[in-house]
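Visitor: Could you take me on a close look at one part of this protein? I'd like to hear about the salt bridges, and what sits around them.

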Amino acid sequence: MEEDDFIYPPDLLGSIDFEKEHVATYDPQLSLPNPGPNLVVRPLRRSDYNKGYMDLLLSALYVRDQGITQKEFEDRFDRMKASGGSYIITVIEDTSTKKIVGNAVLHVELKFLQPSVKFDGCDDHSV
């Protein structure tokens with residue numbers, strides 16, 4: 001896997017201390033390196049269009065939408081990636097089916113009125 005394929009550097013996920021950050025307990029224990037059988041948590045990849053990413057997003061909508069073409073997806077991916085870390089899109093891939101089964105988007109927005117503050121908003125949760 002080339003790092004250029006990811007929307008953000010994968011090592012960013014490795015910097016999260018999940019033991020400190022969550023309050024739930026699981027049996028068997030779940031973690032980023034071990035999210036469950038046949039599951040991998042990772043940044044969105046440019047090739048995820050072919051792994052059902054748009055189908056997952058469209059399944060969460062209450063209205064009919066055709067989605068976007070693969071070219072539109074790739075163009076939008078490139079623009080989001082070029083934004084310099086404003087889009088932290090994380091997916092869960094089922095490695096047995098090679099399909100994206102989960103998604104979360106953290107959007108980081110800089111503010112003019114409070115220059116030392118970034119606004120972080122979580123959007124587009126799908127599982």
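Guide: Here's a walk through the salt bridges, followed by the core and two loop residues.

Keep in mind that the model is predicted. To get your bearings, the protein has four helices and four strands, and along the sequence they come in the order α-α-β-α-α-β-β-β. Of the 127 residues, 26% are buried. The chain also makes plenty of long-distance links: among contacts with a separation of 6 or more, 56% are between residues 24 or more positions apart.

Now for your part. Seven salt bridges turn up in a search of the whole structure. Let's start with D5 and R45, whose side chains meet with N and O at 2.6 Å. These two come from distant parts of the chain: D5 lies in the segment before α1 (11-14), while R45 belongs to the loop between β1 and α3, 40 residues apart. Is each partner buried or exposed, or something in between? D5 counts as partly exposed because its relative accessibility is 24%, above the 20% below which a residue is called buried. R45 has a relative accessible area of 12%, so this residue is buried.

Next, look at E93 and R42. Their salt bridge has its closest N and O atoms 2.9 Å apart. Here the link runs from strand to strand, with E93 in β2 and R42 in β1, 51 residues apart in the chain. Both E93 and R42 are buried. They don't stand alone, either: R42, D48, K51 and E93 are joined in a network of salt bridges.

Then there's R46 with D78, where the closest N and O atoms are 2.8 Å apart. R46 sits in the loop between β1 and α3, and D78 is in helix α4, so to speak a loop-to-helix link, with their positions 32 residues apart. R46 has a relative accessible area of 29%, so this residue is partly exposed. D78, at 33% relative accessibility, is partly exposed as well.

R46 and R45 also lead us to F73. Setting aside neighbours within four places in sequence, F73 is in contact with L44, R45, R46, Y49, Y53, M54 and I68. So two of the salt-bridge residues you've just met, R45 and R46, are on that list. F73 takes us on to the largest nonpolar core, which has 16 residues. Those with the most contacts inside this core are I7, L44, Y53, F73 and I89. The elements giving two or more residues to the core are α3 (53-59), α4 (70-81), β2 (87-94) and β3 (99-110). In soluble globular proteins, nonpolar side chains tend to be buried together.

Before we stop, take a peek at two loop residues, N38 and K98. N38 is in the loop between α2 (18-21) and β1 (39-43), and its phi is near 60°, a positive value in a residue other than glycine. K98, in the loop between β2 and β3, has a positive phi of about 60° and isn't a glycine either. Most residues other than glycine have a negative phi. N38 is partly exposed, with a relative accessible area of 45%, and K98 is partly exposed at 48%.

Finally, the outside: the protein exposes about 9100 Å², and carbon and sulfur atoms supply 54% of that.

Methods: Residues are numbered from 1 along each chain as its sequence is written. This is a predicted model: local features need pLDDT of at least 70, side-chain atom pairs count only at pLDDT 80 or more; totals for chains, interfaces and linings use all residues. Side-chain values use heavy atoms; hydrogens and water are left out. A nonpolar core is a set of buried Ala, Val, Leu, Ile, Met, Phe, Trp, Tyr and Cys residues joined through side-chain atoms within 4.5 Å. Buried means under 20% relative accessible area, exposed over 50%, partly exposed in between (1.4 Å probe, protein chains only). Contact means heavy atoms within 4.5 Å. Accessible areas come from the Shrake-Rupley method with a 1.4 Å probe; for residues, only the protein chains shown count as cover. A salt bridge is a side-chain nitrogen of Lys or Arg within 4 Å of a carboxyl oxygen of Asp or Glu.
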